[in-house]
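Colleague: I'd like to learn how to read a helix in a model like this one. Could you walk me through it?

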Amino acid sequence: MDKETIKQIRKSYNLNQRNFAERVNCSFSLIALVEVGKRRITQDLENKVKKAFGLNEEKIKKLTSSF
């Protein structure tokens with residue numbers, strides 16, 4: 001998962017960074033920094049995103065292919 005994937009998932013659910021962070025249970029600043037490339041996406045963050053939105057690799061590909 002990369003910064004563009006995070007951004008595309010967030011946008012596909014029509015969430016701003018703050019609401020996305022709340023849903024994922026992390027800080028708003030972490031999401032903002034990830035999206036601009038100043039923080040890397042840890043396995044923990046990736047797992048939280050997948051769990052919060054019920055995503056697997058196939059669903060992520062479908063979401064990101066529409067952008």
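Modeller: Sure. Bear in mind that this is a predicted model. Let's start where a helix stops: α2 is followed by Asn25, whose phi is positive, near 70 degrees.

Colleague: And at the other end, what does a side-chain oxygen of Asn16 reach at the start of α2?

Modeller: That oxygen comes to within 3.1 Å of the backbone nitrogen of Arg18.

Colleague: Now the middle. Which residues of α2 are buried?

Modeller: The general idea comes before the case. An α-helix has 3.6 residues a turn, so residues three or four places apart point the same way. In helix α2, residues 17-24, the buried ones are Gln17, Phe20, Ala21 and Val24. Looking down the axis of α2, you find these buried residues within an arc of 100 degrees, so they line one face of the helix.

Colleague: What covers the buried residues of α2?

Modeller: The cover includes α1 (3-12), α3 (28-35) and α4 (43-53).

Colleague: How do I describe two helices that pack together?

Modeller: Two packed helices are described by the angle between their axes and the distance between the axes. Take α2 and α4: the angle is about 90 degrees and the axes are 9 Å apart. The two helices are therefore roughly perpendicular to each other. On the α2 side, Phe20, Arg23 and Val24 make the contact, while α4 brings Leu45, Lys48, Val49, Ala52 and Phe53.

Colleague: Which residues have the most contacts inside the largest nonpolar core?

Modeller: They are Ile9, Phe20, Val24, Cys26, Leu45, Val49 and Phe53, in a core of 17 residues. At least two residues of this core come from each of α1, α2, α3, α4 and α5 (57-65). For one of those residues in detail, try Cys26: leaving out residues up to four places away in sequence, Cys26 touches Ala21, Ile31 and Leu45.

Colleague: What about a charged side chain? Is Arg10 buried or exposed?

Modeller: Check its relative accessibility against the cut-off, where buried means under 20%. Arg10, which sits in helix α1, has 9% relative accessibility, so Arg10 counts as buried.

Colleague: Which residues is Arg10 in contact with, leaving aside neighbours within four places in sequence?

Modeller: Those are Leu15, Asn16, Gln17, Phe20 and Glu35. With Leu15 there's a polar pair to look at: a polar atom of the Arg10 side chain lies 2.9 Å from the backbone oxygen of Leu15. You can also pick a partner far along the chain: Arg10 and Val49 are 39 residues apart in sequence, yet 9.6 Å separates their C-alpha atoms.

Note on methods:
Residues numbered from 1 in each chain as written. Predicted model: local features only at pLDDT ≥ 70, side-chain atom pairs only at ≥ 80, totals over all residues. Heavy atoms only, no water. Buried < 20%, exposed > 50% of the residue type's maximum accessible area, 1.4 Å probe, protein only. Helix = DSSP H or I, 4+ residues; strand = E, 2+ residues; numbered from the N terminus. Arc of directions from axis to C-beta. Contact = heavy atoms within 4.5 Å. Polar contact = N/O pair within 3.5 Å; in protein donor to acceptor, adjacent residues only side chain to side chain. Core = buried A, V, L, I, M, F, W, Y, C linked by side-chain atoms within 4.5 Å. Axes fitted to C-alpha atoms, helices over the stretch in contact; angles between N-to-C directions. Parallel < 35°, antiparallel > 145°, perpendicular 65-115°, else oblique.
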